[in-house]
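Colleague: Can you walk me through this one? I'd like the helix packing first, then the ligand.

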Amino acid sequence: MFENLQDKLDRAFKVLKGQGTITEINVAETLKEIRKALLDADVNYKTAKTFTDEVKAKALGSNVLTSVSPGQLLTKIMNDELTALMGGEASELDLKSNPTIILIAGLNGAGKTTFTGKLANYLKSKGKKPLLVAGDVYRPAAVEQLKVLAEQVGVPVYANTESKDPVGIAQEGIAEGKKNNNNVIIIDTAGRLSIDESLMAEISEVKAKTNPHEILFVVDAMTGQDAVNTAKVFNDRLDFTGVVLTKLDGDTRGGAALSIKSVVNKPIKFIGTGEKMDALDVFYPDRMASRILGMGDVVSLVERAQQQFDEKEAAELQKKIRKNKFDFNDFYNQIQQIKKMGNMKDLMGMIPGVGKMMKNVDIDDDAFKNIEAIINSMTPFEKANPDSIQQSRRLRIAKGSGTKLEEVSKLIKQFEDMRKVMKQFSNPAAAAQLMKNMP
Ligand code: GDP
């Protein structure tokens with residue numbers, strides 16, 4: 001996401017490279033480029049202008065520190081300003097009430113139903129007990145879709161396909177949720193292809209009769225300035241509490257993420273990054289800013305890794321590594337962990353400096369397929385005793401896994417190298433030595 005904007009900002013910063021100080025003259029060219037980059041990313045004109053004016057004032061007003069270059073200083077200012085533009089702090093859901101009622105609104109195809117499923121999944125992982133209410137009375141398929149997603153994530157759905165009254169269904173759903181002790185009730189509503197009066201009237205009515213604690217407006221980030229305009233209309237009518245930007249995994253130019261807060265003054269609370277139920281992230285303006293600037297989102301990466309990380313398991317693993325007992329079973333498990341962390345390309349993109357390099361590389365989630373096939377073709381004895389895998393065994397494994405002998409040998413060699421490094425790192429003194437030797 002945002003590769004284009006990243007490239008252009010990179011170019012803008014290059015203008016400043018080699019300059020000793022920031023002056024009105026040398027920063028002007030860079031700011032012009034930055035503004036162009038923002039406009040190309042589909043940020044609206046007013047927002048882009050205000051933004052660059054702010055950056056300019058900060059840049060010219062800041063003390064020139066000898067320890068940082070003007071380019072670095074400007075990057076820092078840009079980072080702070082982008083963060084502020086997108087809302088500053090992350091904005092949490094208000095879940096204090098029991099039950100908390102959350103209304104989901106947006107146009108057809110924005111990703112409402114998908115998000116409703118994702119949100120239930122997210123809240124469930126936080127220990128909540130959500131109920132979904134299928135409020136789309138126009139599309140029976142939408143009710144079915146919600147039921148399928150709910151089953152996937154293991155939460156109940158309230159639906160009433162006999163009724164054509166969204167307000168009544170919402171109220172019945174809330175009563176049902178209260179009866180079953182659901183502490184969060186998420187109401188999916190009907191959309192339309194475009195904004196129309198009857199849709200607005202209907203959702204306003206649902207809002208008036210259900211008093212939701214959160215109203216989340218779901219919008220497709222790919223639609224750029226249209227997303228911002230739609231947000232404005234919905235907000236004028238519904239006074240929603242937050243925005244959900246979907247499809248940020250696609251080829252979006254990013255304008256919606258950058259302009260929505262400044263136009264409707266409501267925070268982006270979540271972003272959707274894929275079709276699967278776990279492709280949902282809480283929106284952190286600061287992390288998004290550093291991502292846009294190509295600084296990499298190390299914090300997110302670490303956090304996701306931590307979510308998958310089991311301390312006891314890790315201690316066991318450490319012990320095995322120290323005793324040089326790390327084997328192909330452990331390796332296989334590690335791969336499964338990495339896969340659970342999400343899409344490979346996304347993960348790589350979060351590592352500083354890698355994002356841009358990866359742009360044209362096609363990594364799919366099957367990157368591990370061959371490795372898995374090779375390991376699966378090993379016998380339990382071989383998995384537990386990697387040293388035993390000599391030529392004849394390698395040949396058999398290659399045949400069994402539909403790979404080539406060289407691939408099997410390469411994997412075993414890599415595995416052995418990895419074991420050596422891991423063993424060194426498991427011994428603090430040796431690890432320190434290793435770090436010293438690094439370039
Ligand atoms: P609704 O009409 O607003 O309920 O929209 P849906 O939830 O049915 O979503 C419309 C389409 O967008 C479906 O094909 C979803 O799988 C897809 N979709 C939803 N969210 C995302 C997302 O974050 N990323 C991607 N790539 N696709 C999404």
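Modeller: A term to start with: angles under 35 degrees count as roughly parallel, over 145 as roughly antiparallel, 65 to 115 as roughly perpendicular and the rest as oblique. This is a predicted model, where local features need pLDDT of at least 70, side-chain atom pairs count only at pLDDT 80 or more, and totals for chains, interfaces and linings use all residues. Residues are numbered from 1 along each chain as its sequence is written.

Colleague: At what angle do the axes of α7 and α8 cross?

Modeller: Helix α7 (residues 166-179) and helix α8 (residues 197-210) cross at roughly 30°, with their axes coming within 9 Å. Axes are lines fitted to C-alpha atoms, for helices over the stretch in contact, and angles run from 0 to 180 degrees between N-to-C directions. The two helices, α7 and α8, are therefore roughly parallel to each other. Helices here are DSSP runs (H or I, at least four residues), numbered from the N terminus.

Colleague: Which residues of α7 and α8 meet?

Modeller: Pro166, Val167, Ala170, Gln171 and Ile174 in α7 meet Glu202, Glu205, Val206, Lys209 and Thr210 in α8, contact being C-beta atoms, placed from the backbone, within 7 Å.

Colleague: Now the ligand. How many residues surround it?

Modeller: There are 18 around the ligand, and the closest are Gly111, Lys112, Thr113, Thr114 and Gly272. The criterion is a C-beta atom, placed from the backbone, within 6 Å.

Colleague: Which helix gives the most to that shell?

Modeller: Helix α5 (residues 112-125), with three residues.

Colleague: And the scores?

Modeller: ipTM is 0.99 and pTM 0.69. Mean pLDDT (the predictor's confidence in each residue, from 0 to 100) is 83 for the chain, with 80% of its residues at 70 or more.

How values were computed: Contact = placed C-beta atoms within 7 Å.
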